[in-house]
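Student: Can we go through this protein together? I'd like to practise reading a structure step by step.

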Amino acid sequence: MSIPSHLVSTASLISRAFPNGITEASYLPLLAVLYPHMADEHLVEVVSQLTGLDRGVVLNDVYAAGAGVGLAPDSVAAVRARLVSAGLGKWGLED
């Protein structure tokens with residue numbers, strides 16, 4: 001896996017929040033939480049590399065998550081909490 005340098009901090013954040021990998025239940029909520037903070041293609045690139053999913057599949061999922069399709073508020077809140085614990089606030093301040 002070769003994460004581009006501009007996405008290393010994002011990959012590190014996600015890896016700290018999900019040290020055992022991104023579960024199916026957390027996948028769409030993760031996209032929803034990060035969607036407002038990232039360009040679609042960057043989000044697709046880092047998540048497809050971390051999950052091994054096809055970029056086209058992840059892109060469609062990014063659009064669905066961005067629209068809030070099929071997301072339970074509790075699941076989104078749980079993922080946001082994991083990301084906050086892993087350094088989401090600091091990540092948001094990085095260049």
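Student: How many helices and how many strands does the protein have?
Tutor: Keep in mind that we're looking at a predicted model. Walking from the N terminus, you meet the elements in the order α-α-α-α-α-α. So the count is six helices and zero strands.

Student: What radius of gyration does the protein have, and what does the globule rule give for 95 residues?
Tutor: The C-alpha trace spans about 30 × 30 × 25 Å along its principal axes. For 95 residues the globule rule gives 12 Å, and the protein comes close to that, so it is as compact as a globular protein of that length. Its own radius of gyration is 12 Å.

Student: Which share of the contacts with a separation of 6 or more is between residues 24 or more positions apart?
Tutor: Here we leave out pairs with a separation under 6 and ask about partners 24 or more positions apart along the chain. Those partners account for 71% of the contacts.

Student: What percentage of the residues is buried, and what part of the accessible surface belongs to carbon and sulfur atoms?
Tutor: Take the inside first: buried residues make up 36% of the 95. On the outside, the accessible surface comes to about 5300 Å². The part of it that belongs to carbon and sulfur atoms is 54%.

Student: How far apart are the mean positions of the positive and negative charges?
Tutor: There are 5 positive and 9 negative charges in the protein. Take the mean position of each set, and the two points are separated by 10 Å.

Student: Which element gives the largest share of the largest nonpolar core?
Tutor: That core has 27 residues, and L34, V47 and L83 touch the most other members. The elements giving two or more residues to it are α1 (8–17), α2, α3 (40–51), α4 (55–66), α5 (73–85) and α6 (88–93). The largest share is six residues, and it comes from α2.

Student: Which residues does V47 contact, leaving aside neighbours within four places in sequence?
Tutor: V47 is one of the core residues that touch the most other members. Once those sequence neighbours are set aside, its contacts are I14, Y27, L31, G52 and V58.

Student: Is α2 mostly covered or mostly uncovered, and which of its residues are buried?
Tutor: Helix α2 runs over residues 24–34. Eight of its eleven residues are buried, so "mostly covered" fits, with under 20% relative accessible area as the cut-off for buried. The buried ones are S26, Y27, P29, L30, L31, A32, V33 and L34.

Student: Is S26 buried or exposed?
Tutor: S26 sits in helix α2 and, leaving aside neighbours within four places, is in contact with F18 and V79. Its relative accessibility is 10%, which means S26 counts as buried.

Student: What is the relative accessible area of L30?
Tutor: L30 is also in helix α2. Not counting residues up to four places away, L30 touches I14, F18, I22, V79 and L83. L30 is buried, and its relative accessible area is 0%.

Student: How far apart in space are G21 and L83, C-alpha to C-alpha?
Tutor: G21 lies in the loop between α1 and α2, and at 34% relative accessibility it counts as partly exposed. Along the sequence, G21 and L83 are 62 residues apart. In space, C-alpha to C-alpha, the distance between G21 and L83 is 13 Å.

How values were computed
Residues numbered from 1 in each chain as written. Predicted model: local features only at pLDDT ≥ 70, side-chain atom pairs only at ≥ 80, totals over all residues. Heavy atoms only, no water. Helix = DSSP H or I, 4+ residues; strand = E, 2+ residues; numbered from the N terminus. Rg over C-alpha atoms; globule rule 2.2 N^0.38 Å. Buried < 20%, exposed > 50% of the residue type's maximum accessible area, 1.4 Å probe, protein only. Contact = heavy atoms within 4.5 Å. Areas by Shrake-Rupley, 256 points an atom, 1.4 Å probe, with all protein chains shown as cover. Lys, Arg positive; Asp, Glu negative; His and termini not counted. Charge placed at Lys NZ, Arg CZ, Asp CG, Glu CD. Core = buried A, V, L, I, M, F, W, Y, C linked by side-chain atoms within 4.5 Å.
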